[in-house]
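User: I'd like a close look at one part of this model. Keep it brisk, and give the cut-offs as you go.

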Amino acid sequence: MDGVLIDSEPAHKLAKERAFARFGITVPEGVYEEYKGRPDATMIQGVVASISEANIDARELLRLKHLEFEAVEDLAVPIQGAKEFVNWAKSKFRIALATSATPRNRQAALLLLGLSDGFDFVVDASGFSHPKPDPEIFENALRGLRADSTECLVIEDSLHGIVAGKAAGCHVVAITTSFAEALLRSHGADYVVHSFQEPRRLLDRVLNLGSKIGD
C-alpha cells in the first residue's frame, strides 16, 4: 500500500523524526534510507538497539510514532493512477492488499483513496508475525484469495517486498516510486514499471492472449 497506492513516506519520516526527538535522538538520513519500506517496529528496534547508552522503551517510541503520524497523515497523497488501476484490476481479477500498515492506518489510507471496498482480501499488520522479506504476508494473502502463487502478480515498491514476493513463489512487478530501477532489478523483480499504465498493459496482454503471467 505505502509507496504503491499512496505516497506516505514523507509523513512517516516526519512522524519518526518527531518521535525520536522526544527522546533527544537525531537519526542520520542514511538510516531512514536503510529502513525505507520496512515496518516502523523494525526500524525503531534497530535504532534503539544501536544506542547502547540509551535506556529507551522501543514500544513506547513506536506508540509515539503512531500518534505523531496521525497528526501529519494529511501529507500523504495518492500515487498517480493507483485508484484507477485497482478499480480496473478488480473488474478482471481477484485482488488482495498486503500491507505492513496498522489496521488504523490501512483503513485511513483506503478511505483517502476511495478504495475501502476495493479488495477481495486484506492483510495488514494484524495479520502476520514476520515482516518482509519473510514471505508470510503474501502467503496469507494467497490463502485469502485461494490462489496459486504461480498465477499471482505482486506489485511492490520496496526491496524487501520484492524478495518476499519472490519467496512466496509469485511474479513481482516493481514500481519505481521509492527505489531506482537498477536496485529493483538487482533484488529480483520480474518487471520494473514507472507507472500503473505498464502493469495494466501487461495484464491486458495476459487476458487477450489467454496466456499466463510470465509467458
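Does H12 count as buried or exposed, and at what relative accessibility? After that, take me through the open sheet of three strands.

Analyst: This is a predicted model, in which local features need pLDDT of at least 70, side-chain atom pairs count only at pLDDT 80 or more, and totals for chains, interfaces and linings use all residues. Numbering starts from 1 along each chain as its sequence is written, and side-chain values use heavy atoms, with hydrogens and water left out.

H12 counts as buried because its relative accessibility is 11%. Buried means under 20% relative accessible area, exposed means over 50%, and partly exposed lies in between (1.4 Å probe, protein chains only). The residue sits in helix α1 (residues 9-21). Helices (H or I, at least four residues) and strands (E, at least two) are DSSP runs, numbered from the N terminus. Leaving aside residues up to four places away in sequence, H12 touches D2, D40, K65, F69 and N105. Contact here means heavy atoms within 4.5 Å.

Now the sheet. Its strand order is β5-β6-β7, and the pairing is parallel. Two strands pair if DSSP finds at least two bridges between them. β5 (153-156) and β7 (191-193) are the edge strands; each has a single partner, so one side of each lacks a neighbour in the sheet. On average, neighbouring strands are turned by 25 degrees against each other, direction ignored. Axes are lines fitted to C-alpha atoms, for helices over the stretch in contact, and angles run from 0 to 180 degrees between N-to-C directions.

Take β5 and β6 (residues 171-175). Four bridges join these parallel strands. E156 stands opposite A174 in β6. Two helices pack on the sheet. α8 (residues 159-167) touches β5 and β6, and its direction makes about 165 degrees with that of β6. α10 touches β5, β6 and β7, and its direction makes about 135 degrees with that of β7.

Side chains come next. In a regular strand they alternate between the two faces of the sheet. β5 shows this alternation. V154 and E156 point to one face and are buried. L153 and I155 point to the other face and are not buried.
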